[in-house]
Amino acid sequence: MSQIHEGVTITEDGRLLLKKAEQDQIETVWDRLETQQPQCGYCDMGLSCRICIMGPCRVDPFGEGPQRGVCGADADIIVARNLCRMIASGAASHSDHGRDLVEVLAGVADGSAIGYSIRDEEKLKRVAVEYDIDIEGKETLAIAGELAQAMMEDYGMRQKQIRLLKRAPKKRRECWEKAGIVPRGIDRETSEMLHRTHMGVDNNWQTLLLQALRNALSDGWGGSMIATEVSDILFGIPSPRPTTVNVGVLKKDQVNILVHGHNPVVSEMILEACLSDQMISLAREKGAEGINLAGLCCTGNELLMRHGISMAGNHLMTELVLSTGAVEMMLVDYQCIMPSLGEIASNYHTKMISTSDKAQFPEMVHREFHPENAQKLAYTLVREAIENYPRRGEVYIPVKPVNAVGGFSVEAIVSALGGTPAPLIDAIKAGKIRGAVGIVGCNNPKIKHDYANTTLTRRLIENDILVVDTGCVSVSTAKAGLKVAEAIKYAGPGLKEVCGALGIPPVLHMGSCVDNVRILVLASALADALGVDISDLPLAGAAPEWYSEKAATIGSYFVASGVYTVLGPMPPITGSINVVKLLTEGLEDVVGATFGVEPDPEKAAVMIRKHIESKRKKLGLPSIDV
Ligand code: BF8
Ligand code: SF4
C-alpha cells in the first residue's frame, strides 16, 4: 500500500482490498481526493456562486478582494443560497425515491405492477386511515389505489399541509406554524426553494434558510416518510433477524450478485429471482453451489432489514468490493453510486447493470426496470449473472464476515419492549438509559473510513446512551461487532442491563437513509408518552462522516423537528458568520434545536452527552455533570 493510503480506513477488509486494488492498478476514491488537492477554498467556505451567467463570482473572505457578486449578492446571501440548494437537492432525491414507490403502489392497485403485491395489509389500512380514507368494506387493492392517489396529492399543491405531519406532537406542529415553516407539498417546497434561490428572488439570508427548513421537513415528514411507509406496505415491516456483514459475505463457490443504490423496487425483485428453484438449479448447472445476493449502501439496508440479506459494505467499500474479482454482477439504481464503478469493473469479469430510467453511468449496461417488466427482467438478469460465473478469474475474499442483527423498525422496537414504549421511558426516567441518539449518514474519504461512525457510537453506548442508526453508519457499526446482543459488553451498566433483559443490541439498526423517518416517529411516540415536545427529550442526532446533500437535508429536518444534531465535516458555510450563528445558535429560538459541528468523534460525544444531560435536567430527571 502506498504511503498516501496508509490509515485511510479502520476496517481490515478495506485495508486488504485497497492493497489488492493497488496491485491491480485500480484508481480509488482516495487517489482522486489526492489529485483534487488543494480543493477550492472559496467553495469550501460557500463563497463562490455560479447560479447565473453574469458570474461565476466569489467573495474574498479576507475582505481585500470583491465583497459582492456581479448581481450585488453578499457573502450571507451567497452562502445561504448554496446551502439551500444542497438541501433542496437532498430533499428532491429522497422524495423522488418515495414517488417511485407510490407509483408501484398505484400499479399494484391497477394490476400493472406484475409480481408486486401488498405484503402488509394491516399497515396499508393503518396508513390509509391516517390519510382519511374510508376503509370500511373496501377491497385491499381499492384501498391501495386510493392511498396512492392521496400520497400523490401530498407531492403537489392541493393540500394546505402534507398529511403525515399529523404524526408529530402537537407542540411541534404549533412551533412550525409559528415559524411559518409548515410544509405544504413535497415537490412544492423543493420547487419554491429553487425559485427563491434564482438570481433576484429571495435575498434575505434568514428567510432563505427558513424555507430550507420547510423544504427539509417536506422530505422528512413527507417524501421520505412515504418512501418508508409504502416500502413496508409492499415489502413488509422489518423485524429483527440475524445477518452478516463485510466483504467476507461474498462466497467463493457461489454466484455473487450485488445490489447497490437505494430503491427496494429493484432489489426485492432481484431477491425473488435469486431465491427461485429455477435460478438455483441453473447456478448448479454452471458449477456454483448456489446464488449469493448481498447488498451495498441503502438498497442493501432495505433487504437486510426485511430479509436478513448480508451487506458487503458501505459507501467507501463500493469500489473496493469489485477488486475481489468475485462479483458476477452488480446492479445499481440511484444515489451514491460512484461513476467510477463501471471502469473499475472492466478490470474484472463483473457485469455492471444500471436499472433506473433516471440514472445512467459510464461503462455500465443499461437495462431499465419499470413496475410492468421488473419481474421478468430480474429473472433475465440473474440468469446473465449465473452465466457469467464460469468467466471468473482469481478470487480474493480476505476476511470472514461479522454477525449482526438488523430490522429494528418502530413496530419491532415497541414489540421488543412488550407492546408499549413505557419500559424505555421508565429506563430513561430512572437514568439507566440517559438518552438516545440517532447516528446517520455516510462515509467521506476526508475522514478515516468508519472511524468517526464507530468511535462516536462506542463513546455513547459506554455512557448508557442508546444508539439507533441508519444508512452507511449502520454498516460501520455492524462491521465493528456492535450489532449483536453480546455487544452489551461494550455498553455502560444501565444500558447493558436494559438491553440484556430485552435481548437486543445496544445499537439498533433502523434501516436505510429514508428510514431516518422511523427515528422521527419513535421520537414523537416518546414525546407524546411524556406529554412534551421532541425538543424537550434527551435525544440527539449525529452525522459523523456525512458527504451527501441528502445528509444535509436529514440533518435539517432533524433540527427542524427539535433534535440537536452534530455534523462531522463542516458544511460549506464558514464564509458567513451570520449563517453559522443562525444554524448553531439562533435556531434554538425558532425550532428549539441547533446544529453542532465537530469532526473529532471523541469531542462530539462529549457535546452530545452534555446536551442530553441538560435536557434531562430540564425535565426534572436525575442528571450528571459531563
Ligand atoms: O442514503 S448513508 S453514502 S448510501 S447518503 Fe449514500 Fe450516505 Fe450511504 Fe444511502 Ni444515505
Ligand atoms: Fe454572481 Fe449573483 Fe450570478 Fe451568483 S447570482 S453568479 S453572485 S451574479
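This is a short tour of a predicted model, with stops at ligand 1, helix α11 and residue N256.

**Stop 1: ligand 1 and its nickel atom**

Start by selecting ligand 1 and showing the residues around it. There are 13 of them, and those that come nearest are H262, C298, C336, C472 and C513. Now centre on the nickel atom. Which protein residue gives it a donor? Pick C513: its SG atom lies 2.2 Å from the nickel and is the single donor from the protein. To place C513 in the fold, colour by secondary structure and look at the loop between strand β13 (507-511) and helix α20 (516-530).

While you are here, try the angle tool on the donors. The nickel atom has 4 donor atoms around it, and the angles they subtend run from 92 to 149 degrees. Four donors count as tetrahedral only if all angles lie between 85 and 135 degrees, and with angles of up to 149 degrees the arrangement is irregular. For reference, the ideal angle for four tetrahedral donors is 109.5 degrees.

Next, show the oxygen atoms of ligand 1 and add two side chains. H262 places a polar side-chain atom 2.6 Å from an oxygen atom of the ligand. With K550, an N or O atom of the side chain is 2.9 Å from a ligand oxygen.

**Stop 2: helix α11**

Select residues 277-285, which form α11, and show M279, L282 and A283 as sticks: these three are buried. Turn the view until you look down the helix axis. The buried residues of α11 fall within an arc of 100 degrees, so they line one face of the helix. What covers them? Switch on the neighbouring elements, among them β4 (255-260), α10 (264-275), β5 (291-296) and α14 (374-388).

Then rotate to the face turned away from the buried side, where you will find the exposed residues D277, R284 and E285. Just after the helix, stop at G287 and check its backbone: its phi is positive, near 95 degrees.

**Stop 3: N256 in strand β4**

Strand β4 is one of the elements covering α11's buried residues, and N256 is found in this strand. Is N256 buried or exposed? Its relative accessibility is 0%, so N256 counts as buried.

Zoom in on its side chain and draw two distances. A polar atom there lies 2.8 Å from the backbone oxygen of K251, and the backbone oxygen of A326 lies 2.9 Å from a polar atom of the N256 side chain. To finish, show the residues in contact with N256 beyond its neighbours within four places in sequence, including N292, V327, E328, M329 and R392.

Notes. Residues are numbered from 1 along each chain as its sequence is written. Chains are lettered from A and ligands numbered from 1 in the order in which they are written. This is a predicted model: local features need pLDDT of at least 70, side-chain atom pairs count only at pLDDT 80 or more; totals for chains, interfaces and linings use all residues. Side-chain values use heavy atoms; hydrogens and water are left out. Donors are N, O and S atoms within 2.8 Å of the metal (3.2 Å for Na, K and Ca); water is not among the atoms, so sites may look incomplete. Four donors count as tetrahedral if all angles lie between 85 and 135 degrees; four count as square planar and six as octahedral if opposite donors are over 155 degrees apart and all others between 65 and 115; anything else is irregular. Helices (H or I, at least four residues) and strands (E, at least two) are DSSP runs, numbered from the N terminus. Buried means under 20% relative accessible area, exposed over 50%, partly exposed in between (1.4 Å probe, protein chains only). The arc is that of the directions from the helix axis to the C-beta atoms. Contact means heavy atoms within 4.5 Å. A residue is near a molecule or strand if one of its heavy atoms lies within 4 Å of it. A polar contact is a pair of N or O atoms within 3.5 Å; within protein, one must be able to donate a hydrogen and the other to accept it, and residues adjacent in sequence count only if both atoms are side-chain atoms.
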